[in-house]
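Biologist: I would like a close look at a single part of this model, taken slowly and with its surroundings, so that I can follow along with the sequence and the coordinates beside me.

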Amino acid sequence: MRRLHVFMVLVLGSPLCHGHGILPDEIPMAAGTALRNPGELPATTVAFSAQWQPQSLRLPLNSATSLTIHNSSNDWHLFALGDSRALSDQNLIHRLMPDLRKDYPNTRLSEPGSTVSLPWRFDVPGRFQLRCVRADHQETETALLISVLAATR
């Protein structure tokens with residue numbers, strides 16, 4: 001009974017439960033913060049066919065953008081944003097369940113020819129990747145490399 005009580009306090013009494021049930025409007029993740037209701041954001045547009053265009057992005061620390069992804073390929077993709085460790089965990093999930101088509105805060109399912117948006121605040125410095133985490137795509141497709149740079153003085 002004690003565990004149930006603690007769970008209810010965490011879910012019902014947490015500041016995380018406003019807005020969308022138990023999901024907050026801002027979700028901290030490995031590559032920054034996923035934004036659920038960001039309002040108007042500038043778009044950063046990338047396209048994927050056999051490779052990414054452009055092949056890399058450089059963004060300033062604390063920049064917020066709607067990462068707009070156009071799938072120019074003839075296949076569906078589950079694009080995921082993260083650092084190499086976070087993506088390796090998601091890669092494992094998709095190796096175990098290869099047909100899983102599930103959006104998480106850092107992923108977007110993209111059918112052929114579609115354009116999807118990933119509103120994001122890049123508030124963690126470092127090098128990150130945007131890649132398809134479908135099991136049969138992980139070894140053959142390149143990643144979009146994203147560098148988030150702190151301002152230099």
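Biologist: Please begin with strands S3 and S4: how many bridges join S3 to S4, and do the two run parallel or antiparallel?

Modeller: S3 and S4 run antiparallel and are joined by two bridges, and one of the pairings sets Ala47 against Gln53 in S4. Before going further, please keep in mind that this is a predicted model, in which local features need pLDDT of at least 70 and side-chain atom pairs count only at pLDDT 80 or more, while totals for chains, interfaces and linings use all residues. Residues are numbered from 1 along each chain as its sequence is written, and side-chain values use heavy atoms, with hydrogens and water left out. Strands (E, at least two residues) and helices (H or I, at least four) are DSSP runs numbered from the N terminus, and two strands pair if DSSP finds at least two bridges between them.

S3 and S4 belong to an open sheet of six strands with mixed pairing, in the order S1-S2-S9-S6-S3-S4. The edges are taken by S1 and by S4 (52-53), and because each of these has a single partner strand, one side of each is left without a neighbour in the sheet. At the S1 end, S1 (residues 26-29) and S2 (residues 32-35) pair in the antiparallel sense over four bridges, with Ile27 standing opposite Ala34 in S2. Two residues lie between S1 and S2, and the two strands form a hairpin.

A salt bridge (a side-chain nitrogen of Lys or Arg within 4 Å of a carboxyl oxygen of Asp or Glu) also connects strands of this sheet: Glu26 pairs with Arg121, their closest N and O atoms being 2.8 Å apart. This pair links distant parts of the chain, since Glu26 sits in strand S1 and Arg121 in strand S9, 95 residues apart. Glu26 is partly exposed, at 41% relative accessible area, and Arg121, at 22%, is partly exposed as well; on this scale buried means under 20%, exposed means over 50%, and partly exposed lies in between (1.4 Å probe, protein chains only).

The model also has an open sheet of five strands, again of mixed pairing, in the order S5-S11-S10-S7-S8. Here S5 (56-60) and S8 (107-110) stand at the edges, each with a single partner strand, so one side of each is left without a neighbour in the sheet. Direction ignored, neighbouring strands of this sheet are turned by 20° against each other on average. Helix H2 (residues 84-96) packs on the sheet and touches S7 (77-82), S8 and S10, and its direction makes about 150° with that of S7; contact means heavy atoms within 4.5 Å, and angles run from 0 to 180 degrees between N-to-C directions, with axes fitted to C-alpha atoms, for helices over the stretch in contact. S10 (residues 126-132) and S11 (residues 144-149) run antiparallel and are joined by five bridges, and Gln129 has Leu145 as its bridge partner in S11.

S3 comes up again in the core. The largest nonpolar core (buried Ala, Val, Leu, Ile, Met, Phe, Trp, Tyr and Cys residues joined through side-chain atoms within 4.5 Å) has 22 residues, of which Trp52, Ile69, Leu81, Leu130 and Ile146 touch the most other members. S3 (43-48), S5, S6 (63-71), S7, S9 (115-122), S10 and S11 each supply at least two residues of this core, and the largest share, four residues, comes from S9. Apart from it lies another core of five residues, including Trp76, Leu78, Leu87 and Val133. Leaving out residues up to four places away in sequence, Leu81 touches Ala31, Leu87, Asn106, Leu118, Trp120, Phe122, Gln129, Leu130 and Ile146.

A last site concerns the loops. The side chains of Arg134 and Asp75 meet in a salt bridge of 2.9 Å, N to O, and the pair links the loop between S10 and S11, which holds Arg134, to the loop between S6 and S7, which holds Asp75, 59 residues apart. Arg134 is buried, with a relative accessible area of 9%, whereas Asp75 is partly exposed at 26%. Arg134 also forms a salt bridge with Asp136, the closest N and O atoms being 3.0 Å apart, and Asp136 counts as partly exposed at 47% relative accessibility. Neighbours within four places in sequence aside, Asp75 is in contact with Ser110, Glu111, Pro112, Arg134 and His137.
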